Amino acid sequence: MGERASGRGTGASYDGPVQVGIDLIEIERVRDALERYPRFAERVFTEEERRYCFSRPNPAQHFAARFAGKEAVGKALGCGAEWMWRDIEIAGRPKPSVSLSGKVAAFAARAGAGAIDLSMTHSRGLAAAIAVVQPS
């Protein structure tokens with residue numbers, strides 16, 4: 001599905017209120033997944049996300065924050081099992097932006113989702129994210 005939408009608005013109308021999603025994950029769980037399952041990073045993260053995270057001194061910390069970010073965006077959109085991991089891309093710092101593609105972009109367009117605001121954080125052991133989806 002070549003459809004791509006920016007997290008800064010999809011242009012459809014949305015009759016509902018602002019939607020919020022939040023997620024929290026232990027960094028050690030992501031570190032274990034990266035070590036145990038060689039294809040984990042490829043299955044869950046885009047090429048740009050992998051490039052960025054692997055360039056950092058503690059890649060698992062950054063992968064965990066992005067994993068939490070993807071979960072938070074999916075929860076805020078309400079797309080549940082319909083969405084695919086790599087259809088939500090989180091890029092940039094210090095303020096990350098969200099780009100949607102494929103099934104998630106199509107779902108967001110049908111739902112009339114507008115701008116997506118994302119905030120991520122991590123400590124030594126935990127990563128968290130909160131996403132806010134505005135009506136368009």
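Helices (H or I, at least four residues) and strands (E, at least two) are DSSP runs, numbered from the N terminus. The model is predicted: local features need pLDDT of at least 70, side-chain atom pairs count only at pLDDT 80 or more, and totals for chains, interfaces and linings use all residues. Residues are numbered from 1 along each chain as its sequence is written, and side-chain values use heavy atoms, with hydrogens and water left out.

**Exercise 1. Lay out the chain.**

Task: state how many helices and strands the chain has, and give their order.

Solution.
- Step 1. Count the elements: the chain holds five helices and six strands.
- Step 2. Read along the sequence: the pattern is β-β-α-α-α-α-β-β-α-β-β.
- Step 3. Check burial, where buried means under 20% relative accessible area, exposed over 50%, and partly exposed in between (1.4 Å probe, protein chains only). Of the 136 residues, 43% are buried.
- Step 4. Check contacts, defined as heavy atoms within 4.5 Å. Take those between residues at least 6 apart in sequence: 63% of them join residues at least 24 apart.

**Exercise 2. Characterise helix 4 and its packing on helix 3.**

Task: find the span of helix 4, its burial, and its geometry against helix 3.

Solution.
- Step 1. Get the span. Helix 4 has 19 residues and runs 27 Å from first C-alpha to last. The expected span is 1.5 Å times one less than the number of residues. The helix is close to that value, 27 Å.
- Step 2. Get the burial. Helix 4 is mostly covered, with 17 of its 19 residues buried.
- Step 3. Get the packing. Axes are lines fitted to C-alpha atoms, for helices over the stretch in contact, and angles run from 0 to 180 degrees between N-to-C directions. Helix 3 (residues 47-54) and helix 4 (residues 59-77) cross at about 145 degrees, and their axes lie 8 Å apart.
- Step 4. List the partners. Helix 3 brings Glu49, Arg50, Tyr52, Cys53 and Phe54; helix 4 brings Pro59, His62, Phe63, Arg66 and Lys70.
- Step 5. Sort that contact by class: five nonpolar, one polar and four charged residues. Here Ala, Val, Leu, Ile, Met, Phe, Trp, Tyr, Cys and Pro count as nonpolar, Asp, Glu, Lys and Arg as charged, and the others, Gly among them, as polar.

**Exercise 3. Inspect the glycines after two helices.**

Task: what phi do Gly78 and Gly112 take?

Solution.
- Step 1. Gly78 comes just after helix 4, with a positive phi of about 75 degrees.
- Step 2. Gly112 comes just after helix 5, and its phi is positive at about 75 degrees.
- Step 3. Look back into helix 5 (residues 102-111): its buried residues are Gly102, Val104, Ala105, Ala106, Phe107 and Ala108.

**Exercise 4. Describe the largest pocket.**

Task: give the space in the largest pocket, and say which element gives the most to its lining.

Solution.
- Step 1. Set the grid. On a 1 Å grid over the protein atoms alone, a pocket is an open set of points where a 1.4 Å probe fits, with protein on both sides within 12 Å along at least five of seven lines; lining residues have an atom within 4 Å of a point.
- Step 2. Read the volume: about 200 Å³. Grid points are joined across faces, edges and corners, and the volume is the space filled by probe spheres set on the points.
- Step 3. Find the centre. The lining has 14 residues, and Arg66, Arg93, Pro94, Pro96 and Met120 are the closest to the centre.
- Step 4. Assign elements. Helix 4 and strand 5 (113-122) each supply at least two lining residues. Strand 5 gives the most, with five.
- Step 5. Sort the lining: six nonpolar, five polar and three charged residues.

**Exercise 5. Compare two sites.**

Task: are Ala127 and Asp87 buried or exposed, and what do they touch?

Solution.
- Step 1. Ala127 lies in strand 6 (residues 126-135). Its relative accessibility is 0%, so Ala127 counts as buried.
- Step 2. Beyond four places in sequence, Ala127 has contacts including Asp23, Ile27, Ala64, Ala68 and His122.
- Step 3. Asp87 sits in the loop between helix 4 and strand 3 (88-91). Asp87 counts as buried because its relative accessibility is 12%.
- Step 4. Beyond four places in sequence, Asp87 touches Ser99, Leu100, Ser101, Gly102, Lys103 and Val104. Asp87 and Val104 are 17 residues apart in sequence, yet 5.8 Å apart in space, C-alpha to C-alpha.
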